[in-house]
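Got your viewer open? Load the model, pick a cartoon view with side chains hidden, and follow along one selection at a time.

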Amino acid sequence: MTTAKPGGRDGRVLVVGGYGAVGTTVTSTLARWLPNRVLPAGRSAARARQDGGVRVDVADPDGFRQVLDRLGDVAAVVLCVEPPDTGIARACLERGIHLVDIGATRRLLDGVAELHDVAAASRATAVLSVGVAPGLTNLLARRAHDAVGGAERLDLTVLLGSGERHGGDAVRWTVEGLAEPVTARPRRTALPGYGSRTAHPFPFSDQHTLRHTLGVPEATTRLCLDSRPLTGALFALRRAGLLRAVRRPGARRMLIEALRRVHIGGDGFAVRADAWRGDQHAAYALTGHAQSRVTGLAAAYVTRELLTGTPPPGVHHIEQLPVLAGLPEALAEHGVTLHWLGDGGEE
């Protein structure tokens with residue numbers, strides 16, 4: 001049975017995690033485009049009262065459903081925090097509510113992707129892999145893939161500013177990623193504005209997603225920080241096996257808190273995608289500042305497209321929707337620069 005969309009195209013947008021590093025950008029950007037239609041939401045009842053938002057807890061899907069039903073006119077939900085499971089996504093999609101998910105955990109993204117038929121039946125659209133990595137990396141990979149006529153191998157490189165104050169979810173996710181085993185090797189890559197850097201394999205979801213969405217046999221994402229000493233120290237600890245302890249909750253909390261206090265470096269970021277097919281090679285990169293802000297901007301642009309365009313129903317990763325291919329150019333007014341690297345060298 002098809003469920004009517006509660007808010008329709010003129011309904012409100014609920015920004016879950018709307019008080020955090022990413023959510024504040026989503027909320028403020030959408031509020032300029034969609035006056036009086038944006039509601040921040042989070043676990044803090046005090047912040048909800050202060051900012052005219054609503055209290056929600058992503059760990060309580062039943063309570064979240066009650067909030068959606070009480071509001072009655074929600075057209076889209078932007079998830080700026082990661083829930084423990086797919087309950088929140090299902091609650092939205094069953095009601096015909098669009099979903100924009102900035103999450104980066106493969107398990108959760110795969111789970112939401114399995115709700116494709118649920119979304120299609122209610123004429124809702126969910127867009128996954130929205131942000132910098134995954135997100136802009138996926139879009140660059142798509143361009144490089146198309147430029148070589150279908151890549152046989154993709155190498156994605158992510159440089160993040162270690163001086164930026166990242167949200168708690170982002171730091172937690174990074175710490176957990178450092179504890180995961182790896183099989184790929186580090187790789188030296190030229191990044192516009194940063195020179196040649198050694199980037200290390202890291203479990204970003206994009207490398208798994210792109211193998212499926214683009215049909216690429218081999219894809220690897222690597223990470224480095226703008227601070228060379230901090231990059232070297234973190235990955236030396238990983239090589240020595242000393243980060244396996246963060247699988248224990250107490251040790252994980254300690255490292256998360258320590259990294260949240262460390263602000264060595266700047267707030268710049270760079271992402272690069274290299275595609276190979278035989279002897280053909282294509283490479284694109286993006287550079288900018290304030291990764292959390294740009295993630296929020298990307299989510300805001302995607303949300304606006306869902307409400308003003310004619311997106312296909314179902315669950316899609318960002319690179320699967322041609323209408324979003326121009327997002328890198330759209331972000332130029334916010335200080336994001338697209339680089340065509342052609343043969344793989346720096347501009």
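A residue is called buried under 20% relative accessible area, exposed over 50%, and partly exposed in between, using a 1.4 Å probe and protein chains only. By that yardstick, buried residues make up 56% of the 347 residues in the protein chain. This is a predicted model, where local features need pLDDT of at least 70 and side-chain atom pairs count only at pLDDT 80 or more, while totals for chains, interfaces and linings use all residues. Residues are numbered from 1 along each chain as its sequence is written, and side-chain values use heavy atoms, with hydrogens and water left out.

**The whole chain**

Start with the cartoon. You should find 13 helices and 14 strands; helices (H or I, at least four residues) and strands (E, at least two) are DSSP runs, numbered from the N terminus. Switch on the surface next: the chain exposes about 14,600 Å², with carbon and sulfur atoms supplying 50% of it. That area comes from the Shrake-Rupley method with a 1.4 Å probe, and for residues only the protein chains shown count as cover. How much of the contact set with a separation of 6 or more comes from residues 24 or more positions apart? The share is 75%, where contact means heavy atoms within 4.5 Å.

**Helix 12 and a neighbour**

Select residues 291-308, which form helix 12. Its end C-alpha atoms are 26 Å apart, in agreement with the 26 Å that its 18 residues should span at 1.5 Å a residue; the expected span is 1.5 Å times one less than the number of residues. Of those 18 residues, 14 are buried, so helix 12 is largely enclosed by the rest of the structure.

Now add Thr29, which sits in helix 1 (residues 23-33). Thr29 is buried at 2% relative accessible area. Setting aside neighbours within four places in sequence, Thr29 is in contact with Leu297 and Ala300.

**Salt bridges**

Show the charged side chains. There are 12 salt bridges to find, each a side-chain nitrogen of Lys or Arg within 4 Å of a carboxyl oxygen of Asp or Glu.

- Pick Arg106 and Asp110 first: their side chains meet at 3.7 Å, N to O. Both lie in helix 5 (residues 106-113), and being four residues apart they are separated by about one helical turn. An α-helix has 3.6 residues a turn, so residues three or four places apart point the same way. Asp110 is partly exposed at 38%, and Arg106 is partly exposed too, at 45%.
- Jump to Arg143 and Glu329, bridged at 2.6 Å, N to O. This pair links distant parts of the chain, with Arg143 in helix 7 (residues 132-147) and Glu329 in helix 13 (residues 327-330), 186 residues apart. Glu329 is partly exposed at 40% relative accessible area.
- Finish with Arg153 and Asp155, which meet at 2.9 Å, N to O. Add Arg187 and Arg222 to the selection: salt bridges that share partners join these two with Arg153 and Asp155 into one network. Within that network, are Arg153 and Asp155 buried or partly exposed? Arg153 is partly exposed at 28% relative accessibility, whereas Asp155 is buried at 3%.

**Last stop: cysteines**

How many disulfides does the structure hold? Zero, a disulfide being a pair of cysteine sulfur atoms within 2.5 Å. Select Cys80 and Cys92 anyway: Cys80 is buried at 10% relative accessible area, and Cys92 is buried at 0%.
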